[in-house]
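Work through the exercises below with the model open beside you. Each has a task and then a stepwise solution.

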Amino acid sequence: LMIVSEYYGHCITVLDREGKKMKSFGSLGSVRGQFIYPSDIAVTSNRTILVGDSSNHRIQELTMEGECITCIGEEGNGPLQFQYPMGITINITTGQVFVVDYKNDRIQVLN
């Protein structure tokens, strides 16, 4: 599988090995499971999807079916606050999540 964030489509799309669309989830908005410019994704060892929901200033954790498990963060410059989270990656050894917090000029580390 390949999972991509569609920045201008405000959704997450799952493709098969041949690149054919299997499903998409999410839409434009700010409630759980909706996105405003999803910028990046990372898949956890538990097979959940972390999404940098940039203009909602949060990280969403989704199931592979697209159901929102949790939302982390809000707009601001304190701990667990973001201003346009634009990149996300996971250290597979430690499980730590690294988030590029664009307008705050920092990388936040989530455990």
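**Exercise 1: a loop residue**

N77 is found in the loop between β8 (74–75) and β9 (81–82). Strands here are DSSP runs (E, at least two residues), numbered from the N terminus, as are helices (H or I, at least four). This is a predicted model, in which local features need pLDDT of at least 70 and side-chain atom pairs count only at pLDDT 80 or more, while totals for chains, interfaces and linings use all residues. Residues are numbered from 1 along each chain as its sequence is written, and side-chain values use heavy atoms, with hydrogens and water left out.

*Task.* Classify N77 as buried or exposed, and give the separation of its C-alpha atom from that of D101.

*Solution.*
1. Take the cut-offs: buried means under 20% relative accessible area, exposed over 50%, and partly exposed in between (1.4 Å probe, protein chains only).
2. N77 has 57% relative accessibility, so N77 counts as exposed.
3. The C-alpha atoms of N77 and D101 are separated by 9.1 Å. Along the chain these two are 24 residues apart.

**Exercise 2: the sheet of 3 strands**

*Task.* Give the strand order of the open sheet of 3 strands, then follow its pairings and turns.

*Solution.*
1. The order is β1-β2-β3, with antiparallel pairing. Two strands pair if DSSP finds at least two bridges between them.
2. β1 (2–6) and β3 are the edge strands. Each has a single partner strand, so one side of each is left without a neighbour in the sheet.
3. Neighbouring strands of this sheet are turned by 20° against each other on average, direction ignored. The axes are lines fitted to C-alpha atoms (for helices, over the stretch in contact), and angles run from 0 to 180 degrees between N-to-C directions.
4. β1 and β2 pair over 5 bridges, in the antiparallel sense. M2 has L15 as its bridge partner in β2, and V4 has T13.
5. These two strands, β1 and β2, form a hairpin with 4 residues between them. H10 in that turn has a positive phi of about 55°, and H10 is a residue other than glycine. At 10% relative accessibility, H10 counts as buried.
6. β2 (residues 11–15) and β3 (residues 21–25) pair in the antiparallel sense over 4 bridges. V14 stands opposite K23 in β3.
7. The hairpin of β2 and β3 has 5 residues between the strands. In its turn, G19 has a positive phi of about 90°.

**Exercise 3: T13**

*Task.* Is T13 buried or exposed, and which side chain does its own side chain contact?

*Solution.*
1. T13 lies in strand β2.
2. Its relative accessibility is 3%, so T13 counts as buried.
3. The side chain of T13 makes a polar contact with the side chain of S24, at 2.8 Å. A polar contact is a pair of N or O atoms within 3.5 Å; within protein, one must be able to donate a hydrogen and the other to accept it, and residues adjacent in sequence count only if both atoms are side-chain atoms.

**Exercise 4: the sheet of 4 strands and two loops**

*Task.* Which strands stand at the edges of the open sheet of 4 strands? Then place N56 and Y37.

*Solution.*
1. The order is β4-β5-β6-β7, with antiparallel pairing.
2. β4 and β7 stand at the edges. A single partner strand serves each, so each has one side without a neighbour in the sheet.
3. The twist averages 20° from one strand to the next.
4. β5 and β6 pair over 5 bridges in the antiparallel sense. The bridge partner of G52 in β6 is I59.
5. N56 lies in the loop between β5 (49–53) and β6. At 15% relative accessibility, N56 counts as buried. A polar atom of the N56 side chain lies 3.0 Å from the backbone oxygen of G29.
6. Y37 is in the loop between β3 and β4 (38–43). Y37 is not a glycine, yet has a positive phi of about 60°. At 28% relative accessibility, Y37 counts as partly exposed.
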